[in-house]
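This report describes how parts of one molecular structure are arranged. Please look at the sequence and the model first.

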Amino acid sequence: MGMTDIMRLDVSWAWLVLSAVLLAAAVFYLYTLILSHLAKTTVRNKVVLITDSLSTVGNECAKLFHTGGARLILCGSNWEKLEALAEELTSQSDPTLTFPPKLVELDFSDMESVPEVISEILECFCCLDVLVFNSSLKLKAPVHSLSLQMDRLLMDVNYFGPITLVKGFLPSLISRRSGHILLVNSIQGKLAMPFRTTYAASKHAVQAFFECLRAEVQEYGITVSTINHTFIKTSRSISKDEITARSMRTDHRQTPLGVSAKDVATELLRTLSSKKKEILMARWVPKAALYVRSLFPNLFFAIMVARVRNTVAEETPDN
């Protein structure tokens, strides 16, 4: 075989490989489009409640679900921002294919107002199809610097608020024998880290509650899904609650290990279609940490202790 024939063979193989790659990419693209279309049809005409629609994840969910034709109930602690979000959604959509969202002022730091919110929603909508629990108050600080008042606030927002709301709507879901409950939770619902004692405790508590709830309500045709994610990549301005937390040594730095709010919203839509029970949105480092914590707890604890020492050393000024 001459050199010319070898070159022709190499070119043929190169074109064959390139064609295979392009074909695979086209199939994957079509598959993604089909999945996206099927996922959107799952929320059409469905009554969907989002607890914190003003957060980055809640905002992306509101946009995605509104486009899919859901009857949205947008909850948040700031009425003016809720109105601005509703106006943005309606101005960017076809009114013949979408529904104007209902706005509900909801602040889990004021637990006494939650029963009124439940009554208001049930009076307006006799039933709910999808509940997205997305509220979260973040805090990073040494345990000795936290007051019990701050501990209670985190537990109200991250634990007691969501479970109070779900208990209020549960009788309606059980009577209809249908519904999908989604908890958007931090990976710290499964993995506790130093300087996040109360935050991790609240996330562990709400994770356990919804996992138990899943087993209890399955016989009624109700699906409960938990989505655990790592840090959310965001460029939004810091909220009042986060400023309060930051004053107690909070940390909201960007990280390459995080996920985007849009990806979380898309995963939620897929979960509604697939009815998966548990989803972990994390790259290999957090996933590896979960396995190390389960299989080698002493090693994991030693790594966490070393991390605390390094953090303290970095923040201690040289004499």
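## Sheet and helices

In this predicted model, helix α8 (residues 261-274) lies across four strands, β4, β5, β6 (222-229) and β9. The direction of α8 is at about 150° to β5.

Those strands belong to an open sheet of seven strands, whose order is β3-β2-β1-β4-β5-β6-β9 and whose pairing is parallel. At the edges stand β3 (102-105) and β9 (278-281), each of which pairs on one side only. On average, and with direction ignored, neighbouring strands of this sheet are turned by 15° against each other.

Inside this order, β4 (residues 130-133) pairs with β5 (residues 179-186) in the parallel sense, over four bridges. Opposite Leu182 in β5 stands Val132.

A pair of helices can be described as well. Helix α4 (residues 114-124) packs with helix α5 (residues 148-176) at an angle of about 30°, and their axes are 9 Å apart. The crossing of these helices, α4 and α5, is right-handed. On the α4 side, the contact is made by Val114, Ile118, Ile121 and Leu122. On the α5 side, Thr164, Leu165, Gly168, Phe169 and Ser172 take part. Six residues of this contact between α4 and α5 are nonpolar and three are polar, while no charged residues occur in the contact.

The table sets out the two angles that involve helices.

| Elements | Angle |
|---|---|
| α4 and α5 | about 30° |
| α8 and β5 | about 150° |

Key
Residues numbered from 1 in each chain as written. Predicted model: local features only at pLDDT ≥ 70, side-chain atom pairs only at ≥ 80, totals over all residues. Heavy atoms only, no water. Axes fitted to C-alpha atoms, helices over the stretch in contact; angles between N-to-C directions. Helix = DSSP H or I, 4+ residues; strand = E, 2+ residues; numbered from the N terminus. Left-handed = near helix turned anticlockwise from the far one by under 90°. Contact = heavy atoms within 4.5 Å. Nonpolar A, V, L, I, M, F, W, Y, C, P; charged D, E, K, R; others polar. Pairing = 2+ DSSP bridges.
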